[in-house]
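Welcome, and thanks for taking a look at this one with me. Please open the model beside these notes and follow the points in order.

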Amino acid sequence: GGGAPRRHVLSILDLSADEVLYLCRRAVAIKRSDADPQTLRGRTVGVYFRKTSTRTRTGFLVGAGRLGATTVAFGSTELQTNTGESLGDTARTLAGYLDVLVMRTNESVAEMQAFAAHPSMSVINALSSDEHPTQALTDLSSMLEHFGRLEGLSVLYLGEGNRTAASLALAMSRIPGTRLVVAAPEGYGLDPRVLAKALELAAASGAVVQQTHDADGLEAGFDVVYTSRWQEMGVSKPDPEWKTRFAPFRVTRALAERVSAPGAVFMHDLPAVRNEDVDDEVLDGERSLAWVQAQYKMWSAMSVMEWCGAGVADEG
Ligand code: CP
C-alpha cells in the first residue's frame with residue numbers, strides 16, 4: 001500500500017526499547033482478546049524459509065491468517081534463487097506482491113538488507129546466521145504475561161551463547177531494571193561483539209548483563225532459568241569433547257532448584273534435546289513455561305507482522 005515506508009525487523013536493535021515493550025504488550029493483548037483483530041485484512045504475507053523450522057514458520061503462517069492476511073510459503077528449493085536469479089531481482093519481484101516477507105536464512109542480517117530495499121515490503125528476520133530477533137520478542141512476551149512485568153526480572157540463560165541468547169541479550173540490555181546472566185562454557189559464550197554491545201547498552205539503560213563460565217558458582221535468586229539446544233540446527237563443533245564441557249550447564253532439577261527464586265519458571269526456545277540440555281522433569285514440570293512460550297511464537301509473530309504490515313502502533 002501507499003503511505004509511510006514499511007518497517008523492518010532485521011535485528012532486534014532495529015526496535016527501540018519502547019517498541020520492544022509495545023510489541024510484547026500487544027502480543028499479550030492479542031492472545032487475550034476474544035476475537036483476532038483483522039489488522040492485516042487485504043495484505044499479503046510471504047514466508048521464505050531456507051532452513052528447517054517447526055514453531056517460527058507455523059506461527060507466522062497461522063498468525064498471518066488469523067489477522068486476515070493472505071499467505072504464501074516458499075521452501076528452501078522453490079524460488080528461482082536456486083537456479084541463480086539474484087537476490088536483488090528476487091526481492092524486487094516479491095515486493096510487487098507482498099506486504100510482509102518473513103525470512104529464515106543461513107546468512108547474516110546483511111543479506112536480508114537486499115530484501116528490505118523496497119519501500120512497499122516489510123522484511124522480518126525469522127533467524128539469520130547472527131540473530132533471532134523474533135525469538136526475543138516471544139521470550140519477553142511470555143515473561144511479561146507470566147510475571148505481569150519485565151522490570152525487576154532476573155534471567156539466567158544457560159548453555160551456548162547462540163542466536164537466541166544474542167537477541168535476548170541485545171533486547172534485555174535496553175530494558176531498565178532487568179538482569180541477564182549468560183552462563184556458558186568457556187569458548188561457547190556470546191559472540192564477543194554481541195557481548196560488548198550488550199554491556200555498552202546496559203550501562204546506558206540501567207539494565208544488567210553479565211557472562212560467566214562457572215556453572216557451579218552460580219548464585220540463587222533467578223526468576224527465569226532459560227536454556228536452548230547446545231547445537232543449533234546441526235552446526236557441529238570442532239572439539240570432539242565439547243559435550244563434556246557443556247555437561248555442568250544441563251538444566252537438571254537440582255540445578256534449577258539451586259538457582260531459582262520462589263516462583264521462578266523454566267524457559268526453552270525449543271527444540272530441546274531431552275536429557276541433554278534439559279531433563280524431562282524440568283521441561284515437563286509444573287514450573288515449565290516452555291510450552292506457553294512455544295504458543296507465544298504465534299502471538300508475537302502476529303504482533304510484529306501487524307506492526308510492520310499495518311502500522312497499528314502509529315494509531316495507538
Ligand atoms: N524456536 C524456534 O525458532 O523454533 P523453530 O526452529 O522450530 O522455528
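1. A word on terms before we start: the bounds of a domain here come from an automatic or database domain assignment. Please also keep in mind that this is a predicted model.

2. With that in hand, the assignment splits the chain into domain 1 (12-132 + 296-315) and domain 2 (134-295). The C-alpha centres of domain 1 and domain 2 lie 25 Å apart. Where they meet, domain 1 puts in 27 residues and domain 2 puts in 26 residues. On the domain 1 side, α1 (17-32), α2 (55-66) and α11 each supply at least two residues. That side of domain 1 is made up of 16 nonpolar, five polar and six charged residues.

3. Now step back to the whole chain, which has 12 helices and nine strands. Its radius of gyration is 19 Å, close to the 20 Å that the globule rule gives for 316 residues, so the chain is as compact as a globular protein of that length. Along the principal axes, the C-alpha atoms fill a box of roughly 55 × 45 × 35 Å. Of the 316 residues, 47% count as buried. If you take the contacts between residues at least 6 apart in sequence, 77% of them join residues at least 24 apart.

4. Next, the interior. The largest nonpolar core holds 94 residues, and those with the most contacts inside it include L101, L156, Y157 and M305. Helix α11 (residues 290-309) gives the most to this core, with 10 residues. Domain 1 and domain 2 both give residues to this core, so it lies between them. To see one piece of the core close up, pick L101: leaving out residues up to four places away in sequence, L101 touches G46, Y48, L94, F115, M121 and V123.

5. Which residues are around the ligand? They are S53, T54, R55, T56, Q135, D269, L270 and P271. By class, this shell divides into two nonpolar, four polar and two charged residues. Both domain 1 and domain 2 give residues to the shell around the ligand, so the ligand lies between them.

6. Finally, is E200 buried or exposed? Look for E200 in helix α7 (residues 192-205). A residue counts as exposed if 12 or fewer other C-beta atoms lie within 10 Å of its own. E200 has 12 C-beta neighbours inside 10 Å, so E200 counts as exposed. You can also try a distance here: E200 and L283 are 83 residues apart in sequence and 33 Å apart in space, C-alpha to C-alpha.

Notes. Residues numbered from 1 in each chain as written. Predicted model: local features only at pLDDT ≥ 70, side-chain atom pairs only at ≥ 80, totals over all residues. Core = buried A, V, L, I, M, F, W, Y, C linked by C-beta atoms within 7 Å. Buried ≥ 20, exposed ≤ 12 C-beta atoms within 10 Å, placed from the backbone. Helix = DSSP H or I, 4+ residues; strand = E, 2+ residues; numbered from the N terminus. Contact = placed C-beta atoms within 7 Å. Near = placed C-beta within 6 Å. Nonpolar A, V, L, I, M, F, W, Y, C, P; charged D, E, K, R; others polar. Rg over C-alpha atoms; globule rule 2.2 N^0.38 Å.
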